[in-house]
Amino acid sequence: MYQHILPDETTRLRVLNIFFHRYIEMLYPYSDLLTTSSNYEAVALVFHSERQTGTLISNVNYMKQIGLAILKCLPICRIIGVRGFIRGLATLRSMSSLWLSMFGDQKYMHLDMLVVQERYRGQGYVSKIMMPLLAECREKNALCTLETQTQSNLPIYEHYQFRTVKVIPLPNSTLEQYCMAYSPSVTE
């Protein structure tokens, strides 16, 4: 998705450095940051639904956090301009996690980001993140959810018993967001 929004790699890296810093800062109270070791071969950000209580006050506070994160991302305008910034926000909004509302009040842990350093790919580091995460989901009887815009990632997640529950097309693009869920009640 980020390659779609920002095709130039140098620009993308500069923008994402600002964006992810603010994004993680915004989600930190609701999430855990998981890693494989102090070498950070793989890193994941996991949002816990039960930490965002759903009360009016907590929803207002969450919306304030989003607004503050957007304001703190305004320096991105110096890199891609105001129009590019607004286009990026619109794309992120259309490819958001709003689909999670389909689960109602069911508890979930959302795998918001998973990154494996390039030199460690194919060496089992995804499993070192996924296995403890899914064990925690089983222990808490919580769904595990995620999104990917990369179709070639689907078999990786299907290997861990995730199933595609919704596909969201990006307007005016061939890009699609695959919304996936793992249910602890499904026998592995």
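**Exercise 1. Place Glu-41 in the chain, and decide whether its charge is paired.**

Glu-41 sits in the loop that connects E1 and E2, where helices (H or I, at least four residues) and strands (E, at least two) are DSSP runs numbered from the N terminus. The model is a predicted one, in which local features need pLDDT of at least 70 and side-chain atom pairs count only at pLDDT 80 or more, whereas totals for chains, interfaces and linings use all residues. Residues are numbered from 1 along each chain as its sequence is written, and side-chain values use heavy atoms, with hydrogens and water left out.

Step 1: Glu-41 is buried, a term for under 20% relative accessible area, with exposed meaning over 50% and partly exposed in between (1.4 Å probe, protein chains only).
Step 2: Glu-41 has no salt bridge, that is, no side-chain nitrogen of Lys or Arg within 4 Å of a carboxyl oxygen of Asp or Glu.
Step 3: The nearest side chain of opposite charge is that of Lys-128, 6.6 Å away; in this count Lys and Arg are positive, Asp and Glu are negative, and His and the chain ends are not counted.
Step 4: Leaving aside residues up to four places away in sequence, Glu-41 touches Thr-36, Val-115, Val-116, Gln-117, Tyr-120 and Tyr-125, contact meaning heavy atoms within 4.5 Å.

**Exercise 2. Trace the sheet from strand E1 to strand E4.**

Step 1: The open sheet has 6 strands in the order E1-E2-E3-E4-E6-E5, with mixed pairing; two strands pair if DSSP finds at least two bridges between them. Strand E1 (31-35) and strand E5 (163-169) are at the edges with a single partner strand each, so one side of each has no neighbour in the sheet.
Step 2: E1 pairs with strand E2 (residues 42-48) in the antiparallel sense over 5 bridges, and Asp-32 has Val-46 as its bridge partner in E2.
Step 3: E2 and E3 also run antiparallel, joined by 7 bridges, and here the partner of Val-46 in E3 is Leu-111.
Step 4: Between E3 and E4 the pairing is parallel, over 4 bridges, and Leu-111 has Leu-146 as its bridge partner in E4. The chain passes from E3 through H5 to E4 in a right-handed β-α-β crossover, meaning that, with the strands pointing away from the viewer, the path from the first strand over the helix to the second runs clockwise.
Step 5: As for burial, 7 of the 9 residues of E3 are buried, which leaves this strand mostly covered.

**Exercise 3. Find which parts of the chain are linked by the salt bridges of Asp-32, Lys-140 and Glu-25.**

Step 1: The side chains of Asp-32 and Arg-51 meet in a salt bridge at 3.0 Å, N to O. This pair links Asp-32 in strand E1 with Arg-51 in the loop between E2 and H3, 19 residues apart.
Step 2: Lys-140 forms a salt bridge with Glu-50, their closest N and O atoms being 3.5 Å apart. Because Lys-140 lies in helix H5 and Glu-50 in the loop between E2 and H3, the pair ties together parts 90 residues apart in sequence.
Step 3: Glu-25 and Lys-72 form a salt bridge at 3.0 Å, N to O, which links helix H2 (residues 9-27) with helix H3 (residues 56-72). Glu-25 is partly exposed at 34% relative accessibility, and Lys-72 is partly exposed at 33%.
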